[in-house]
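Q: Please give a close account of how the two chains meet in this model. I should like to know how far the prediction can be trusted, what the contact consists of, and which local backbone features deserve attention.

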Amino acid sequence: MLLRTELSKFAIVIATAFTLIITSVTASAGSREKAKRIHDRLAGVPASQAVLDDMVSDIDGIGDGSGTFDGTPAGAAYTAMQNSAFYNVTLKNFAMPWTNREFTVFAPLNDYVATFIGMVRDDVPMNQALSADILYIGSGGSIPAYSNSDNAHYEALDDQGVNLRDNLIQTTQSAVTGLDSSATAGLMTTRAAAKSFFIAGTNRAMFRFTMLNHLCHDMEQVADITRAPDRIRQDVSRSPGGDSRIFLNNCIGCHSGMDAMAQAFAYYDFAFDADNDPEAENGIMTYNGPGVVDEVTGTRVHSKYFNNNSNFDPGFVTLDDRWSNYWRAGQNKLLGWSDPSEAMRHGNGAKSLGEELANSEAYARCQVEKVFRAVCLRDPVDAGDRGQIDTMIGDFITSNYNLKQPFAQSALFCSGS
Amino acid sequence: MNAPAPALRQLHRLERNDALRSRMSSFLLWAMMIGLLLLSGCGGGGGADTTSNPPGGGEGGGDYNGPAPQTADVQAFRLALWENVRDENRCGACHSAVGGQDPMFARSDDVNLAYAAAIMPVVNRGDPDESLLVTQVADGHFCWLTSNEACADTMENYIENWIGGSGGAVNEIELSIPIQKDVGESKNFPDDSSGFSPIHTLLTTYCADCHVDSVDLPQQPYFAVSDIDAAYDVVKSKINLDTPEDSRLVVRLGSEFHNCWDDCTANADEMETAIQTFSDSIVPTEVDPDLVISKALLLGDGIVASSGGRFETNVIALYEFKTGTGSTAFDTSGVEPAINMTFSGDVEWVGGYGIRVTEGGKAQGLTDTSQKLRDRITLTGEYSIEAWVVPGNVVQEDANIISYSGSDTSRNFTLGQTMYNYDFFHRSSTTGANGDPAHSTNDDDEDLQATLQHVVVTYDPANGRRIYVNGVFTDDIDETEGGNLSDWASNFALVFGNETSGNREWEGTLRLVAIHERALTEEQILTNFEVGVGQKFYLLFNVSDHVGLPDAYVVFAVSQFDSYSYLFEEPFFISLDETAVPNSVPMMGMRIGINGREATIGQAYRTLDTTLEAADYSAASGLSLSPTGTIIGLEKGPESDEFFLTFELLGSSSNVVVEADPIAPPTPPDGAPVSDIGVRTFDEINYSMAELTGVSITNSNVLETYETVKQQLPTTENAQTFLSSHQVAISQLAIEYCSELVDNTTLRDGFFNDGTAFNFAAPPGTAAPLGTNWEFQVVLPLVDAVTQSTDLQPMAVGPTRTDMRDELLALITRLGGSGTATNSIAKGTCAAALGSAALLVQ
């Protein structure tokens, strides 16, 4: 470690250097400059001269006879995505905010993020992200085994700087966690997701954050007060503070659709010892499988679905995990549900709900726009950008939801001119 | 008072059952005579094992010198009814031997004769609210209060107290054929208030002395405020667009002579003309002819669902807030003296019975009438405070909901709110004069919610204080032992929504308050909770035309939920023809219509998809359609809003509803051009420095520094958000990486060595300054690394190779001149390059 006096002295020097040098940044780009930016944006780190040479060769349509899309500009992007930092840095920080309520990137690696990274690496169709029985675990000699009751396995991978490109192993949740395969729902049933969104509360958080993180719509954006309110649970006051206008003009807009779909999570919980483990570090996701009866509800439905059930006695009483998508009609039809001729779709459990959500156009658009933002460092601002987004959405779907595709296309689109 | 002995309790029960049977018999007979269907209703029941009549509170109770009551029932009549009505300022002025007006049920000379005169038809023991005594005062016949409804409720309670209380009443629903009318054209209030302007002019001209919020004694509703939109919003329920002459604004002037500005008839005509003009400007809403609709009903066309079943045997103060106007909430318990509560500050009536207290308002009784509480409760040594409340929020603290107190520091009892908790202060021999320590609900349970709740607090010496929310004991045990109430003060006042001083403001709505002189049991509390609050009507929507059955109805229980909506619940299908049975009648997509159109919001039954099967149907109870309730927005008011039902499919009638596709939002305009470059973020910076220097990110010194500065590094790529603090953190990390690089022989030789050894240990001036060894062995390797350039392949973006080289060489010159050690100069030079924009910008 350097002495504090040295640090302060150098800091001044460096700050001066930064100021001077940043003024000389220019924007004209040839193949080499494009290659640099593509690599910077995808891997997050500078490329070696050899890698740059390879990428320039692809951009110039020559290629070196190896690699995906060799001899095409896309080959340059795929070369950049070979860098381990694409997985350890770019994808990790891309997904980390989805795994907690604070949207912080400053959280240790977890099974949610690792599974996402692994799915991208292995080109697993991303429309399975909310429904598949899939899990990625790490390998390494001193890495503790996966545990249902802590995150030590992934924290060790993080602390040891393990190369995630090379050391993630695909498996299934049912094999590792013991969760019945029919109850698995991709990222939603990872331990990290459960710890953040099944903990306490009413499980509406899992729906809200899934909509926010994977369909890029928060509840205010999908609120539709014209939907049937028959599935709104008893805990929602119909006259908050004595004024039912608030319910009729606000609450009903989100809850009518949300409660009908969040019913899919009726059997899940994240159990923890609130007294001795208030941060729930050792909590465990639970699922009331067939034959399990909650002592409060007398059914498989978790008691949290009956919180504050005297707030509005004629409200909806949850008896099972049957969900309904009321947002297939009305303004939220614009979310582009699969098979849009169906004005209503029902299902049971998180897996089928995950399929419903992840096969919507909004889901595909959300993935593409998130990638565009991460790579181009900005939102789409003009017709050119919007056209590019539309193209990428189509390509993303036709490529069987391969997320590397929009990463590569975005990097090329924003590689400068 | 002690609980009655078992034998006595049994006797009471028998008597009550006899009375009940008697009432049932007469009721059934009457029901059969008029050909109505009797349904056994839901719940209700409950009630007490014992009944006890409160001692009479009549003003003349102490000076009766006539014959003694001949029977126990006459004695009960005397205590509960006769003592309260025989004074000259009540019925005794006329219906007495002195007044000579028959029936002389209020005569003071002989209670037995008065009793005989009070028996039917003056008093209907089977149906107290149908008693002539009640209906007469309800019509304004010598009502001694300013509210006829309050007089009627009080008189009804007198009678119920006499005949054995209401605790054992069975809640019965009696369905009868309602008025049959088609859904008519209906005029609805336009959103734009401009047409209301002439009416507004009258209101602001003649009503602004009271009906505005800025005068000393403001009178709700504030329809005379200068803001026309605000006035329009609150006056709608006072205007009848379909029959302007029935508007409350007109009736109040023309028939009730309420503050006319000169001639009442002329004033009423002027108001009616203005309303007629407004009404004429509105195009009526015609019901869509394609709809499959039921007949139409007003709320008042429904059948009143008896609110009986409440346990009120020991109630000594009761507020149902039915009056709806004026500035007094009447105690209609029938137990004298009535503690009538006078409003001050911001207190307003709310629809569906209730008052809303805000911004320091309160409703307070007189200390002498309030003394009733002290006098009666200290005799029993126990009591209950029961209320239907809607806390306005869950952030208010030290807020008094119901208090019997004298100041901020002295009270007999208080039900209060602290955020999510109910607090119960109670003075006794084991607590302080301020009723402390308070007994409160548990913080974690968050029992108090900002929604309609039934809350009961009870006290008795054995159990201490207990709190029940929505019929359930909160499990909070009073840690203070029970004591006696001998220290209760007699000069306190009952107050709602505040302290008598005005220093304990509570914001919220009270929809019912009852003070009982006994601690209610859990069963009694649950009974009262299940009865609910407010007036409920059964609306029978005729659908015979569609289902092919006589007298076929879809029935809803409907009540005014608050000032802004109606609650529709418990829908069921029934035919009042006992021989009719539905046979596989499809029913789908039911919606509630109001004033000629389907309500836009709250259509909970639009998802209904069922078939009415004979196997599921009972002639007595019909066929339940849904367990779910919903609220529908109030439009014109409960007197004017006309309801009907529509169906997508009902029997042989159908109306296929196809929702139009939503319109896609327009393409947004192009935004301003934004930078297409940004800065690397924290992990990218860390990994980039590791990549360039070859130092591992897990190097202990690097890791320690990184963990220290990690959250100080940029987290977003947006260069606009780059701060000096970011640069400081980058500098620290760069210095650490460079320090590890320069101090590690292998790494530095690999990085800096151009084929000739560079002596990092040399003293200043030997390896330096400005020799070509510095330029080629230290500076250019750094420049090429961070700019990703070589001498043959310079990078055209970012700083030029020569610019950066010259800058770093100048830095070395300055550092060398100051005597800095060689390896430190190398570290500084390295850090200046590594921490510069050349690496940071992407």
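A: The mean pLDDT of chain B is 86, and 89% of its residues reach 70 or more. The model is a predicted one, and its overall scores are ipTM 0.92 and pTM 0.82. Two stretches of chain B call for caution. Over residues 1-61 of chain B, pLDDT stays under 50, although the model has 101 contacts beyond four places in sequence for this stretch. Residues 165-171 of chain B also have pLDDT under 50 throughout, with 29 contacts beyond four places in sequence. Where pLDDT is low, the coordinates of a prediction should not be read in detail. The contacts counted for residues 1-61 of chain B are therefore not to be taken in detail either.

Chain B itself has 842 residues, of which 51% are buried. Its secondary structure comprises 20 helices and 31 strands. Of the contacts in chain B with a separation of 6 or more, 67% join residues 24 or more positions apart.

Turning to the contact between the chains, 86 residues come from chain B and 73 residues from chain A. On the side of chain B that touches chain A, helix H15 (residues 724-743) of chain B supplies the largest share, eight residues. By class, that side of chain B holds 31 nonpolar, 38 polar and 17 charged residues.

One helix pair across the contact can be followed residue by residue. Helix H5 (residues 84-95) of chain A and helix H13 (residues 682-693) of chain B have axes that come within 9 Å and cross at roughly 165°. Because angles over 145 degrees count as roughly antiparallel, H5(A) is roughly antiparallel to H13(B). The handedness of the crossing between H5(A) and H13(B) is right-handed. On H5(A), the contact is made by A:Ala85, A:Val89 and A:Asn93, and on H13(B) by B:Asp683, B:Glu684 and B:Tyr687. These contact residues of H5(A) and H13(B) divide into three nonpolar, one polar and two charged. For the spacing of such positions, a general point is useful: an α-helix has 3.6 residues a turn, so residues three or four places apart point the same way.

A second view of the contact comes from a single residue of chain A. A:Ala228 lies in the loop between helix H12 (219-222) and helix H13 (244-262) of chain A. Although placed in a loop, A:Ala228 is buried, because 24 other C-beta atoms lie within 10 Å and 20 or more suffice for that class. Its contacts, leaving aside neighbours within four places in sequence, fall in both chains: A:Ser256 and A:Tyr326 in chain A, and B:Gln603, B:Ala604, B:Arg606 and B:Thr607 in chain B. Within chain A, the C-alpha atoms of A:Ala228 and A:Ala145 are separated by 47 Å, with these positions 83 residues apart along the chain.

The backbone of chain A has a further feature to record, beginning with helix H6 of that chain. In H6(A), 11 of the 11 residues are buried, so this helix is largely enclosed by the rest of the structure. Among these buried residues are A:Asp111 and A:Arg121, together with A:Phe116, A:Ile117 and A:Met119. H6(A) is followed by A:Asp123, with a positive phi near 55°. A:Asp123 is not a glycine, and its place is in the loop between helix H6 (111-121) and strand E1 (135-138) of chain A. In contrast to the buried residues of H6(A), A:Asp123 is partly exposed, with 14 other C-beta atoms within 10 Å.

Chain B offers a counterpart in B:Asp398, a residue that is not a glycine but has a positive phi of about 50°. B:Asp398 belongs to the loop between strand E12 (383-391) and strand E13 (399-407) of chain B. B:Asp398 also counts as partly exposed, with 14 C-beta neighbours inside 10 Å.

Two cis peptide bonds complete the account of chain B. The bond from B:Glu336 to B:Pro337 is cis, with omega near -5°, and B:Pro337 lies in the loop between strand E7 (328-329) and strand E8 (341-344) of chain B. The bond from B:Asp436 to B:Pro437 is likewise cis, with omega near 0°. B:Pro437 is found in the loop between strand E15 (421-426) and strand E16 (439-440) of chain B.

Technical notes
Residues are numbered from 1 along each chain as its sequence is written. Chains are lettered from A and ligands numbered from 1 in the order in which they are written. This is a predicted model: local features need pLDDT of at least 70, side-chain atom pairs count only at pLDDT 80 or more; totals for chains, interfaces and linings use all residues. Axes are lines fitted to C-alpha atoms, for helices over the stretch in contact, and angles run from 0 to 180 degrees between N-to-C directions. Helices (H or I, at least four residues) and strands (E, at least two) are DSSP runs, numbered from the N terminus. Angles under 35 degrees count as roughly parallel, over 145 as roughly antiparallel, 65 to 115 as roughly perpendicular and the rest as oblique. A crossing is left-handed if the near helix is turned anticlockwise from the far one by less than a right angle, and right-handed if clockwise. Two residues are in contact if their C-beta atoms, placed from the backbone, lie within 7 Å. Ala, Val, Leu, Ile, Met, Phe, Trp, Tyr, Cys and Pro count as nonpolar, Asp, Glu, Lys and Arg as charged, and the others, Gly among them, as polar. pLDDT is the predictor's confidence in each residue, from 0 to 100. A residue is buried if 20 or more other C-beta atoms lie within 10 Å of its own, exposed if 12 or fewer, and partly exposed in between; C-beta atoms are placed from the backbone.
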